[in-house]
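Here are a few exercises to work through with the model open beside you. Try each task before reading its solution.

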Amino acid sequence: MTDTLDRPLATDTPRPDRGLAVARTASVTSIVFFGAIFGFFYAWVCSTMWGLDAADPRVAIEAMQEMNGSVRNAVFAPAFFATPFVGLVTAVAWRRAGDRRAARWFAAASAVYFVGGLLLTMAINVPMNEDLAETVIPTDRATAEAVWNDYSGDWQIWNIARTVCSGVALVLVGIGTLRSRRPVETD
């Protein structure tokens, strides 16, 4: 007969570390946020601006004015403004879980996006958008084309810069997630 005192109690079975679970959940949240903002900027690079450049410039100006006006909404704001903070929360979660290496990847991702995505947008793209919003759409095509060409080329250069920075930040989040601490198996 086996002594019941030799068997481990159900409460003695290893449970996942709560800090590790929080850090992993935060990592997934970071992937979603950084991926969303990268995808938003990327869509402007590979379709939206090309489509507007191919359209009648009067239509392009009006469409861009409408899109810039509509982007200020509760769906877009969290991805744009909260992404660096979500990354920092994830960095803190990994630090508390004991993985400084993962924490550094997420902190770096937050810094890259904050400077190259959020601040760049606020300093360059937003003022350009505000100037375009005040533009009265010219009735003749040649004048409208000059206005659009003056806006679109520079805007796209800066959009590519923020897209690259957001993509780099997403890669850093991916590396942080993949290189994060794995629980040690015990027998």
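**Exercise 1. Find which helix gives the largest share of the positive patch.**

Solution. Start with the members: R95, R100, R101, R104 and R179 form a positive surface patch. Now sort them by element: helix 4 (residues 100–133) supplies the largest share, three residues. R104 is one residue located in helix 4, and R104 counts as exposed because its relative accessibility is 56%.

A few ground rules before going on. This is a predicted model, in which local features need pLDDT of at least 70 and side-chain atom pairs count only at pLDDT 80 or more, while totals for chains, interfaces and linings use all residues. Residues are numbered from 1 along each chain as its sequence is written, and side-chain values use heavy atoms, with hydrogens and water left out.

The terms used above go like this:
- Patches take residues with over 30% relative accessible area and no salt bridge, joining like charges within 9 Å and nonpolar side chains (Val, Leu, Ile, Met, Phe, Trp, Tyr) within 5 Å.
- Lys and Arg are the positive residues, Asp and Glu the negative ones, with His and the chain ends not counted.
- Helices (H or I, at least four residues) and strands (E, at least two) are DSSP runs, numbered from the N terminus.
- Buried is under 20% relative accessible area, exposed is over 50%, and partly exposed is in between (1.4 Å probe, protein chains only).

**Exercise 2. Work out which elements give two or more residues to the nonpolar patch.**

Solution. First, list the patch: F85, L88, F114, V115 and L119 make a nonpolar surface patch of about 440 Å². Next, assign elements: helix 3 (76–96) and helix 4 are the ones giving two or more residues. Helix 4 gives the most, with three residues. Over on the other helix, L88 has its place in helix 3, and L88 counts as partly exposed because its relative accessibility is 41%.

**Exercise 3. Count the salt bridges in the whole structure, then say which residues join into one network.**

Solution. The rule first: a salt bridge needs a side-chain nitrogen of Lys or Arg within 4 Å of a carboxyl oxygen of Asp or Glu. Searching the whole structure turns up three salt bridges.

Step one: D56 pairs with R58, their closest N and O atoms being 2.7 Å apart. R58 is partly exposed, at 27% relative accessibility.

Step two: D56 also meets R141 in a salt bridge (3.2 Å, N to O). D56 sits in the loop between helix 1 (18–54) and helix 2 (57–70) and R141 in helix 5 (residues 141–178), so this pair ties together parts that are 85 residues apart in sequence. R141 is partly exposed, at 42% relative accessibility.

Step three: R72 and E130 meet through their side chains in a salt bridge (3.8 Å, N to O). This pair, too, links distant parts of the chain, with R72 in the loop between helix 2 and helix 3 and E130 in helix 4, 58 residues apart. R72 counts as exposed at 61% relative accessibility, whereas E130 is partly exposed with a relative accessible area of 40%.

Last step: look for shared partners, and D56, R58 and R141 come out joined into one network.

**Exercise 4. How many disulfides are there?**

Solution. Apply the cut-off, a pair of cysteine sulfur atoms within 2.5 Å, and the count comes to zero. As for cysteine exposure, C46 is partly exposed with a relative accessible area of 29%, and C165 is partly exposed at 23%.

**Exercise 5. Describe the fold pattern, then place A91 and N129 in it.**

Solution. Count the elements: the protein has five helices and zero strands. Along the sequence that reads α-α-α-α-α. Buried residues make up 34% of the 187 residues.

Take A91 next. A91 lies in helix 3 and counts as buried at 8% relative accessibility. The C-alpha atoms of A91 and W105 are separated by 7.6 Å, with the two positions 14 residues apart along the chain.

Finish with N129. N129 is in helix 4 and is buried, at 12% relative accessibility. N129 and G69 are 60 residues apart along the chain, and their C-alpha atoms are separated by 8.9 Å.

Key: Accessible areas come from the Shrake-Rupley method with a 1.4 Å probe; for residues, only the protein chains shown count as cover. The place of a charge is taken as NZ of Lys, CZ of Arg, CG of Asp or CD of Glu.
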